[in-house]
Amino acid sequence: ANQSTGKLKDHLYKILVIGDVGTGKTSIIKRYVHRFFTQHYRATIGVDFALKVINWDENTLIRLQLWDIAGQERFGNMTRVYYKEAVGAFIVFDVTRKETFDSVVNWKADLDSKVQFPDGSKIPCVLLGNKCDRQKEGIVASPSKMEEYCREHDFNAWFETSAKDNINIDEAARCLVEKILACD
Ligand code: GTP
Ligand code: MG
């Protein structure tokens with residue numbers, strides 16, 4: 001996905017956004033791409049798409065094709081199709097609901113079993129603890145434990161985010177893009 005026109009590099013990256021129902025995947029994408037938030041919940045059906053264009057530096061344009069996958073798809077059999085040729089992923093949980101954190105390992109295992117680079121290595125993956133504008137529950141309240149968790153489970157990094165208050169979403173995306181560029 002690298003077309004050179006003169007000195008300008010143009011990258012197109014397919015990014016997955018996965019995690020349990022209602023954790024805020026769609027809200028994070030809406031905030032990141034459209035600068036918008038709503039309290040109103042409408043479940044994603046199947047998959048939605050969004051495109052974010054980043055002027056990374058004076059020589060580099062990056063297009064992120066964001067695949068917003070419905071939380072209920074973990075119990076379906078389409079994820080193999082959706083994950084195909086992705087080069088990065090966010091796994092999202094809800095810091096107020098511990099059960100959504102417990103599911104993270106299942107999402108990560110599903111991801112790593114279904115998508116790898118041609119050399120067999122794992123694609124970059126960043127963990128997002130969303131709704132950090134609210135009261136946290138479980139180990140997400142302990143940054144040192146979260147760091148250990150990320151090492152153990154092969155996450156490149158983790159961030160607490162809020163789609164509502166626009167916390168850490170640009171930072172998390174920048175971090176994932178940096179990891180992807182390092183693999184490219
Ligand atoms: P599925 O499409 O069913 O998988 O859910 P989703 O992960 O896309 O969740 P969605 O973005 O639709 O958000 C679910 C609910 O959480 C909505 O009512 C949002 O308004 C709310 N929400 C999302 N992000 C935040 C946040 O950062 N803070 C707060 N307080 N609420 C949020
Ligand atoms: Mg959704």
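Reader: Which residues make the nonpolar surface patch of about 240 Å²?
Author: Patches join residues with over 30% relative accessible area and no salt bridge (like charges within 9 Å, nonpolar side chains, namely Val, Leu, Ile, Met, Phe, Trp and Tyr, within 5 Å). Areas use the Shrake-Rupley method with a 1.4 Å probe, and for residues only the protein chains shown count as cover. The patch here is made by Leu12, Leu51 and Val53.

Reader: What kind of model is this?
Author: Residues are numbered from 1 along each chain as its sequence is written, while chains are lettered from A and ligands numbered from 1 in the order in which they are written. Side-chain values use heavy atoms, leaving out hydrogens and water; local features need pLDDT of at least 70, side-chain atom pairs count only at pLDDT 80 or more, and totals for chains, interfaces and linings use all residues, since this is a predicted model.

Reader: Is Leu51 buried or exposed, or in between?
Author: Leu51 lies in strand S3, residues 47–57. Strands (E, at least two residues) and helices (H or I, at least four) are DSSP runs, numbered from the N terminus. Buried means under 20% relative accessible area and exposed over 50%. Leu51 has 45%, so it is partly exposed.

Reader: Now to ligand 1: how much of its 660 Å² does the protein bury?
Author: Ligand 1 is surrounded by 23 residues (each with a heavy atom within 4 Å), the closest being Lys25, Ser27, Gln39, Tyr41 and Gly71. One of its oxygen atoms is 2.7 Å from a polar backbone atom of Thr38, and an oxygen atom is also 2.7 Å from a polar backbone atom of Gly71. Of the 660 Å² that ligand 1 exposes when taken alone, the protein buries 93%.

Reader: How far apart in space are the C-alpha atoms of Gly24 and Tyr41?
Author: Gly24 sits in the loop between strand S2 (8–19) and helix H1 (25–34). Its relative accessibility is 11%, so Gly24 counts as buried. Along the sequence, Gly24 and Tyr41 are 17 residues apart, and their C-alpha atoms are separated in space by 9.2 Å.

Reader: Which residues coordinate the magnesium ion?
Author: Donors are N, O and S atoms within 2.8 Å of the metal (3.2 Å for Na, K and Ca), and sites may look incomplete because water is not among the atoms. For the magnesium ion, ligand 2, the distances are 2.0 to 2.1 Å, and the donors are the OG1 atoms of Thr26 and Thr44. This pair links distant parts of the chain, 18 residues apart: helix H1 holds Thr26, and the loop between H1 and S3 holds Thr44.

Reader: Why does Asp10, the partner of Arg63, count as buried?
Author: A salt bridge has a side-chain nitrogen of Lys or Arg within 4 Å of a carboxyl oxygen of Asp or Glu. Arg63 and Asp10 form one, with their closest N and O atoms 2.8 Å apart. The bridge joins strand S4 (residues 60–69), home of Arg63, to strand S2, home of Asp10, 53 residues apart. Asp10 is buried because its relative accessible area is 16%.

Reader: Which residues are linked with Asp94 in a network of salt bridges?
Author: Asp94 is in strand S5 (residues 88–94), and Lys131, 37 residues apart, is in the loop between strand S6 (125–130) and helix H5 (143–152). Their side chains meet in a salt bridge, 3.2 Å from N to O. At 2% relative accessibility Asp94 counts as buried, whereas Lys131 is partly exposed, at 21%. The network links Asp94 with Arg97 and Lys131.

Notes:
Buried means under 20% relative accessible area, exposed over 50%, partly exposed in between (1.4 Å probe, protein chains only). A polar contact is a pair of N or O atoms within 3.5 Å; within protein, one must be able to donate a hydrogen and the other to accept it, and residues adjacent in sequence count only if both atoms are side-chain atoms.
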